[in-house]
Amino acid sequence: MILSLINNIAFLVALVAAGQIVISRLYRNPLSRHVLLGLLFGGAALLGMANPLNFSPGVLFDGRTIVLSVVGVVGGGVAALIAAVMAALYRYQLGGGGATVGVMVALLSALLGVLARQWWLRRGISPQPIHYLALGVLVQLVQLTLFTQIPDRAGYAFIEQAWWVILLLYPLATMLLCLIFRNHEQQLIDQQALSSAQHAVTAAEAASRERFHAYFDHSIVGLAITSPEKGWVEVNDALCATLGYKRDELTRMTWTQLTYLEDLAPDLAQFNRMLSGEINSYTLDKRFIHKDGHLVDTRLAVSIVREPDGSVDYVVAMVDDISERTKSQLASEAVRNQLQATLDALPDLLFEADFQGRIVTYHSHRSDLLAAPPEVFIGRRFSDLLPPDAAGACQHAIDEAAQNGFSNGVTYRLALPNGEHWFELSVAPLHADAKPDQHFIMICRDITERKAHERQLERIAHFDVLTHLPNRVLLADRMQQAMLQAQRRKKQLAVAYLDLDGFKAINDHHGHETGDQVLIALANRMKEVLRESDTIARIGGDEFVAVLTDLDNSSASVPLLDRLLAAAALPVPVGELSLQISASLGVTFYPQAHDIEADQLLRQADQVMYQAKVAGKNRYCVFDAAQDSSLRDHHESLERMRLAMEHGEFVLHYQPKVNMRSGKVIGAEALIRWQHPEKGLLMPAAFLPVIEDHPLAVDLGEWVLDTAMHQMEVWCASGLDLPVSVNIGARQLQQSDFVARLQAILAKHPQVHPGCIELEVLETSALNDMVQVSQVIDDCARIGVKFALDDFGTGYSSLTYLKRLRVALLKIDQSFVRDLLNDPDDLAILQGIIGLAAAFKCEVIAEGVETVAHGTALLQLGCELAQGYGIARPMPPDQLPAWAATWQPDAAWRATTNAAVVLRPTDE
C-alpha cells in the first residue's frame, strides 16, 4: 500500500513538467492556459484512478486529491472546474460502493484549492509553504472524513492503516507541487516584466533613455514602473525613501502588498479600468504601509504605456509623499475647529474693526444681542449705528488699544428692542506692530445682569429696606460731606437723633406689619418737611437721624425741628385704625469748640435724646456745656479702673463659637469682666465706655491679649487646641506701633500660633483712620494674625471701606439676629450682609443666637457659624474644656438645608 501511495506521488511529480510547459507556452493567453491546465490535471487524475490502490471492491484510493487541490491553487476556477468534472465523471463511471464518496472527494478537493487561492488574493497574502501544507492537511482531512461514509465500514479499515501516511506524505506533496508551480510562475512574471522593461528601453532612443533615467532616478517624487500584474518592476530612490525599502526589496513585491487595506479597493478599481482601456490614467490619495509599520499619506498619479498593438506594456506610477502636508492640514483644521468652538462658546459679541471704527467682520453667534442682522453692520462705522455716547465709548476703546496695546473696562449703555443693556468693551490690536490699516478685535460683553446686581447691592448697602431712607452707611458718608461743606461755607449743621415715643406699644398691640406701615408713613412725612439738601436716615428700629445743613446759626434749625416733631405727631391711618405717636429729639451742632468726629456727634445727639424722653417726650433737647459735670464723674471712673488693673480685678470669660451644622467648636471669644469688690461681676458696658478715648484703653487691651494667650497655652497643655478672638478698641488699633507691640506679646507665648489669634474690630473703630487701619490689618496678616469686623451692619462703613479692609470674618450684630424670625427688615439685612460677605470672600458668623429657631433660620440663609446664649453663655476658662468635649448641635440644625426663611406669625 505504501509503495502504491509513493508511486502516486511520484506520478504527480511528473505532472509538474507538463504543467510548467503549458504555463510557459501559454503565459500570455490566460484562458487557453487555464483550459489546458484543467485538461492536463484532469487527465492526471484519470490516470491515477486508472491505476488505483484497490483497498476493497468498489473502493479506490489514488492521488486525485493532490492533483485537484493543486489545480485549484495554480489554475484558478476554470482549470479546477474542468479537472474536477473530468475526475468526478470518470469516478462515477467506475462505480462501486465508494463511487459517491469518490465524486465528492474530487469536487471538494478542487473547491478547497480554489477557495484557498481566492482567500489569499483577497487578503493580499503571498502564500508561504506553511499555507500550502495547511491546505494539503485540510484536503486530506476532508477525504478521510468522507471515507467514513463508505458502506459496510470499508473505509474505516483503510483509515486505520493508512491515515498517518496520507496526512504526512500527501500534504507534503501538495506543498511541493504548489511551490514548484508558484516559483515557475514567478520566474515567468519576472521574465515578462524584464522583457517589458527591456522593450521599453530599446524602443526609445538613447537620449530619451538617458533623460528618462535622469528624471526617474533623481526625481524628488517617488516613481515606479509596475507590471499589469501589480508588481514593482523598477523604482527610484525617492520611492524607496518614502516606503523605507531597498530597491531589490520593492521589486520583489507588488504594490497591493504595501497598500493600506482600506485604500486598496478604490485603487484596484481604477487600475482595472485602466487595464481594460476605459481610462489611460488616474490620480487619487492613498496610504502605503511603511516598512516600519506606519502609514504614509501619498498623492498617486498612474499612467499606462501600451504596445503598438494596444496591449499593455507597463504602468508608470508617481508617488508623492504628502504626509507633512496632511499633518499640516489636519493641524490647521484642528486649530480652526478649536478657534470656532472657542468663538461659539463665548457669550459675547465679537467684532473686527479698523482704526476709524468701521466694522470689518462679525464672528459671534450672539446675534440676539444685535438690533439688526449682522450683515447690516459690516462696512459701517459705530458712529453710524450707535448713539453718540455708545459710539464715543467704542472709539475711545479703539484709541486706547492703539496707544497701549489693550483696552478693557470701557462700558456703554444701549436701548435694544428687548430692553436696556449694558456692555463692557475689551479691545486689542490684531497685529503687534502699528500699521495705518490696523484692525482691532473687539469683545463686547453683556454686563446687564452684573449692573443690576451692583445696583441691588448698592441699594442694600446704602438704603433702608423698609422705608427706603438712607441707612447708617449712607448717613455716615453724608455726615462727612456735610461737615466738610460746613467748614468750607462757614455754616453750621445740626444732627438730630429722633426716637419714636410709644412705637413699641403699636407693635405689641397691632403687630409688626402695622408697625411697619406706621414707620413708612412717618418716614415719608419727615422727608417731606425737610429741605432737599437735608438728610433723614433710619438707623434701626424706630430710630432716625436728621442732618440739617447750611444753617446760619443754631436758631435756624428750630423751624425744621418743630416740623419734624409735628410730622411725627400726626395721626397715621392704617386700614380702619388711626394711630398716633410722638417723637423725642436730641440735637447737637457742628462745628464745636474742639475737633469732633461724626460718630461723636451721633453719640451726643443720642445722649440728649434720652434727656428729651426724660423731660416728657414729644420735644427736643440740645447738647450743651451743662454736660461738663459728667466729665468729673468720668475722671473718677478712670482712676478707679486704673486701680482695678493694679489689683488684678479684671478677668476674662470665654464664649464658644461653633459650626451649627457640623457641630465643631471653632473657637472662643475672650470677653472682659470686672470682678468689682463691691458691685460684683460687671459687664463691659458698665466700664469700657469710660476709657474708650483714654490711653488706659490701650493698656487694658494689651492685658486682654496677654491673658488670652496665656490661657491658650494652659488649654493646649491639657489637650485643648482652641483659637481665641479678642476685641480690639479703636484707640489701641490706631497706635502707630500696634503691630510691633502685638509681636512682642506673641513672643512671650511661643506655644501660641499667630493663626489661632483673631482680632475683632468694630466698624466704627475702623472708620476714623481707614488708611492706617488697612495697613495694620495687612501687616498682621503677614505674621498670620487674622481680623474680623465686629457688629457688622451697625457701623458707618461703606462698600469702599469693606473692600479696603481685608478682614477674614464678618460678625453679624445680635440686634439683627434677635428679631430675625419676626422682622422682615432684619431678615433682609441679614440676607444682604451674607451676600456681601460672599461677594468679598469673607466668612460670616452670627452673634445672639438664642434659640434653635434662630440657628435654623441662619442655616437656611447660608450662615453656619454662630455664638450666643442658645449655644453657650460666656464662661470662666476652667469650664470651657468640659463644655467643648460634650456639646452637640441640635438635631434640627444638622438636618437643615439652605432654603427660604419663613417669618413666624407675630403672636407666636
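This short talk goes through one strand and its partners, then the nonpolar cores, and then the cavities.

Thank you all for coming. Please keep in mind throughout that what we are looking at is a predicted model.

Let me begin with strand β21, which covers residues 665-676, and with a simple question: how many of its 12 residues are buried? The count is 10, so the strand is largely enclosed by the rest of the structure.

Which strands does β21 pair with, then? Taking them in order along the sequence, we come to strand β20, residues 650-659, which pairs with β21 in the antiparallel sense over nine bridges, and here you can find phenylalanine 650 with tryptophan 674 of β21 as its bridge partner. These two strands form a hairpin with five residues between them, and in that turn glycine 663 has a positive phi of about 85°. On the other side of β21 in sequence comes strand β22, residues 680-682, which runs antiparallel to β21 and is joined to it by three bridges, with histidine 676 standing opposite glycine 680. Here too there is a hairpin, this one passing through three residues. Strand β23, residues 724-728, pairs with β21 in the parallel sense, over three bridges, and if you look for glutamate 669 you will see that it stands opposite serine 725 of β23.

Let me turn to the nonpolar cores. The largest of them has 83 residues, and within it Phe738 and Phe787 are the residues with the most contacts. Helix α22, residues 696-717, gives the most to this core, contributing nine residues. If we set aside its neighbours within four places in sequence, phenylalanine 787 is in contact with a list of residues that includes Leu733, Phe738, Val776, Ile777 and Leu809, and also Glu758. Apart from this largest core lies another, of 35 residues, among them Ile66, Ala106, Tyr170 and Cys178.

Finally, the empty space. The structure holds five cavities of 30 Å³ or more, and the largest cavity contains about 90 Å³ of space. Which residues lie nearest the centre of that cavity? They are Thr226, Trp255, Leu300, Val302 and Ala317, out of a lining of 13 residues. At least two lining residues come from each of α11 (261-275), β5 (281-289), β6 (295-306) and β7 (312-321). As for their character, the lining residues divide into 10 nonpolar, one polar and two charged.

That is where I will stop, and I am glad to take questions.

How values were computed
Residues numbered from 1 in each chain as written. Predicted model: local features only at pLDDT ≥ 70, side-chain atom pairs only at ≥ 80, totals over all residues. Heavy atoms only, no water. 1 Å grid on protein atoms, 1.4 Å probe; cavity = no way out; pocket = protein on both sides within 12 Å on 5 of 7 lines; lining within 4 Å. Points joined across faces, edges and corners; volume = space filled by probe spheres on them. Helix = DSSP H or I, 4+ residues; strand = E, 2+ residues; numbered from the N terminus. Nonpolar A, V, L, I, M, F, W, Y, C, P; charged D, E, K, R; others polar. Core = buried A, V, L, I, M, F, W, Y, C linked by side-chain atoms within 4.5 Å. Buried < 20%, exposed > 50% of the residue type's maximum accessible area, 1.4 Å probe, protein only. Contact = heavy atoms within 4.5 Å. Pairing = 2+ DSSP bridges.
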